Amino acid sequence: MSDFVLSFEAKYAIIIFVAAFVSFIIGLIPTEKLFCKAETNKKWLFAMALADILKGAIVVIFTALVLSRMEIGSASVFIMSAALLAVIGSSKAAFSNGNTASPLAVLFGTILALNWQAALILAAVWGAIAFVAKRHLIGLIIALILAPFLMFLFNNPLSYTIYCAISALYMLYLYRESIKKLIIGGNDEAK
């Protein structure tokens, strides 16, 4: 009877699958249930947003740590994939519970972990537009469009730029109804 031994490629595939699965599960964690007081108290709302940002950052850091142990040369594609799965997972959990801000916070957390300078610029752009124009959704749209360009300008791996572009398109798709309302009636209802 021979012993069952996994090849390096099989071990590699299993570890990547586990990292992707964990990323998706982390994205599914419903933070609004953890912070059910967020609707009545702004401190809890801030805590909920911070928890969602941490979810996104943890996914990127976890995947990078797992892949660094494997000494993979081009791990950025797998990190990008894990980040995208976390954003998709958070949107599935969030939109089913009515918390539409959760996937944005997770996306911001992933960008923060990928490149903190780009994340700070995006936050500043969104904040400035939201403060000056009193239009959170317009600030969000501009920040989402700006994200891939910032990743490119900061000389990140091409996969990070692609991730930001795909995530921006995905977020614009998720917020399509709010964008339609904004275009038609000038109503800015992004949460």
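Ser 159 is found in helix H8 of this predicted model. With a relative accessible area of 8%, Ser 159 falls under the 20% cut-off and therefore counts as buried. Beyond its neighbours within four places in sequence, Ser 159 is in contact with Ser 76, Val 77 and Met 80.

A second serine, Ser 167, also lies in helix H8. Ser 167 has a relative accessible area of 1% and is likewise buried. When residues up to four places away in sequence are set aside, Ser 167 touches Leu 84 and Leu 107.

The two serines belong to a longer list of buried positions in H8, which also includes Tyr 160, Thr 161, Tyr 163, Cys 164, Ala 168, Tyr 170, Met 171 and Leu 174. The spacing of such positions may be read against the geometry of the helix. An α-helix has 3.6 residues a turn, so residues three or four places apart point the same way.

The length of H8 can be checked in a similar manner. The helix comprises 17 residues, from 158 to 174. At 1.5 Å a residue, a helix with this number of residues should span 24 Å, and the end C-alpha atoms of H8 are indeed 24 Å apart, so the expected and computed spans agree.

Attention now turns to a partner of H8. Helix H5 covers residues 102-114, and the axes of H5 and H8 come within 12 Å of each other. These axes cross at roughly 170°. An angle over 145 degrees counts as roughly antiparallel, and H5 and H8 are therefore assigned that relationship.

The contact between the two helices involves named residues on each side. H5 contributes Pro 103, Leu 104, Leu 107, Thr 110, Ile 111 and Leu 114. From H8 come Tyr 160, Tyr 163, Cys 164, Ser 167 and Met 171. By character, the residues of this contact divide into nine nonpolar and two polar, with no charged residue. Ser 167, already described as buried, is thus part of the contact with H5, and Leu 107 is one of the residues that Ser 167 touches.

The wider chain provides the setting for these details. It contains nine helices and zero strands, and its pattern along the sequence is α-α-α-α-α-α-α-α-α. The chain has 191 residues, of which 43% count as buried. Among contacts between residues at least 6 apart in sequence, 68% join residues at least 24 apart. The chain exposes about 11,000 Å², and carbon and sulfur atoms supply 72% of this area.

Conventions. Residues are numbered from 1 along each chain as its sequence is written. This is a predicted model: local features need pLDDT of at least 70, side-chain atom pairs count only at pLDDT 80 or more; totals for chains, interfaces and linings use all residues. Side-chain values use heavy atoms; hydrogens and water are left out. Helices (H or I, at least four residues) and strands (E, at least two) are DSSP runs, numbered from the N terminus. The expected span of a helix is 1.5 Å times one less than its number of residues. Buried means under 20% relative accessible area, exposed over 50%, partly exposed in between (1.4 Å probe, protein chains only). Axes are lines fitted to C-alpha atoms, for helices over the stretch in contact, and angles run from 0 to 180 degrees between N-to-C directions. Angles under 35 degrees count as roughly parallel, over 145 as roughly antiparallel, 65 to 115 as roughly perpendicular and the rest as oblique. Contact means heavy atoms within 4.5 Å. Ala, Val, Leu, Ile, Met, Phe, Trp, Tyr, Cys and Pro count as nonpolar, Asp, Glu, Lys and Arg as charged, and the others, Gly among them, as polar. Accessible areas come from the Shrake-Rupley method with a 1.4 Å probe; for residues, only the protein chains shown count as cover.
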